[in-house]
Amino acid sequence: MNVTATEHGEAHAPILQGLWESVRSGQEDILLSPYLPASYAFLTHVLLCAPFLALDALGSVCRRVRSWRIAAGSGPPPPLRRWFDCFWRVLYRYLTTVLPATALFHTLRSPALPQLAPSCWQLFVEVFSCLLLFDTLFFIWHVSMHRVTWLYRNAHQLHHQHHTPFALAAQDSGSLELLSLLLLALSSAWAVGCHPLSEAVFHLVNSWLAVEDHCGYELPWALHRLLPCMGGAPYHQVHHTLHSVNYAPYFIHWDVLFGTYRAPVKYSRPK
């Protein structure tokens, strides 16, 4: 991977090289900290949820925002108290389970910080490969949590208390499930052999897609409107309603292949 960066990093991605140098400059201890993965995952999740909290607030006064709510049983936006309760549950599980466990995993990984940034092409390939691998691993794990009674009761059932999910609820799961999902993401980046910058972008995109899947809105600019291979929030809303379909987190190909795909019902929007 460093060969690609050596040959193409300066020629094709001087911005990435400058960005990587500014990130590395005096920050090695932070970047190599065993507590970084869990801290980064939690903070990015909370920050990416903020726009949807604003949408929920605007929904009470703006008809256009209300029209973006998914019609199939979505109901009104969750109250602020529900957001706060969810926030404290997720924070507690991160502090008590996810942070120490991922710190141990990160220490065993022994990550290194290369001198060169990836090329733009290398970054794209690595991020896309991680998304495909994570999507596959999550599909297998998600089906298992639904088909194995013990796993459902002890790992996944808590997440399905949200019949109508909202953005922050993407990580409102039992400690076992929350830890397993972060370990799947970290393992995907390790298996692909990502540059640290590619890994950071992957975790950012992964968090955004999870938040968007649970947001309860079918937004005009949502990614699944541009890429038919992705399910998006309407697709995942069906899973929270029926439980036995639409297991994959982002792409729909595994559900199509295994006969567990259920297309979202199309509803007319108010003018």
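Here is a short conversation about a predicted model and the terms used to describe it.

Tutor: Welcome! This is a predicted model, where local features need pLDDT of at least 70, side-chain atom pairs count only at pLDDT 80 or more, and totals for chains, interfaces and linings use all residues. Residues are numbered from 1 along each chain as its sequence is written, and side-chain values use heavy atoms, leaving out hydrogens and water.

Student: What makes up the secondary structure of the protein chain?

Tutor: There are 13 helices and 0 strands. Helices are DSSP runs of H or I with at least four residues, strands are runs of E with at least two, and both are numbered from the N terminus.

Student: Why is the protein chain called as compact as a globular protein of its length?

Tutor: The globule rule is 2.2 Å times the number of residues to the power 0.38, and the radius of gyration is taken over C-alpha atoms. For 271 residues the rule gives 18 Å, and the chain has 19 Å, which is close, so the chain is as compact as a globular protein of that length.

Student: Why is Gln122 called buried?

Tutor: Buried means under 20% relative accessible area, exposed means over 50%, and partly exposed lies in between (1.4 Å probe, protein chains only). Gln122 has 7%, so Gln122 is buried. You will find Gln122 in helix H7.

Student: And what makes His243 partly exposed?

Tutor: Its relative accessible area is 23%, so His243 counts as partly exposed. His243 sits in the loop between helix H12 (232–242) and helix H13 (253–257). Asn246 is also found in the loop between H12 and H13, but at 0% relative accessibility Asn246 counts as buried.

Student: What is notable about the phi of His243?

Tutor: Most residues other than glycine have a negative phi. His243 is not a glycine, yet has a positive phi of about 75°. Asn246 has a positive phi too, near 55°.

Student: How do you know that H7 and H9 meet?

Tutor: Contact means heavy atoms within 4.5 Å. Residues including Leu133, Phe134 and Leu137 in H7 meet residues including Leu181, Leu184 and Ala185 in H9. The contact divides into 13 nonpolar, 3 polar and 2 charged residues. Here Ala, Val, Leu, Ile, Met, Phe, Trp, Tyr, Cys and Pro count as nonpolar, Asp, Glu, Lys and Arg as charged, and the others, Gly among them, as polar.
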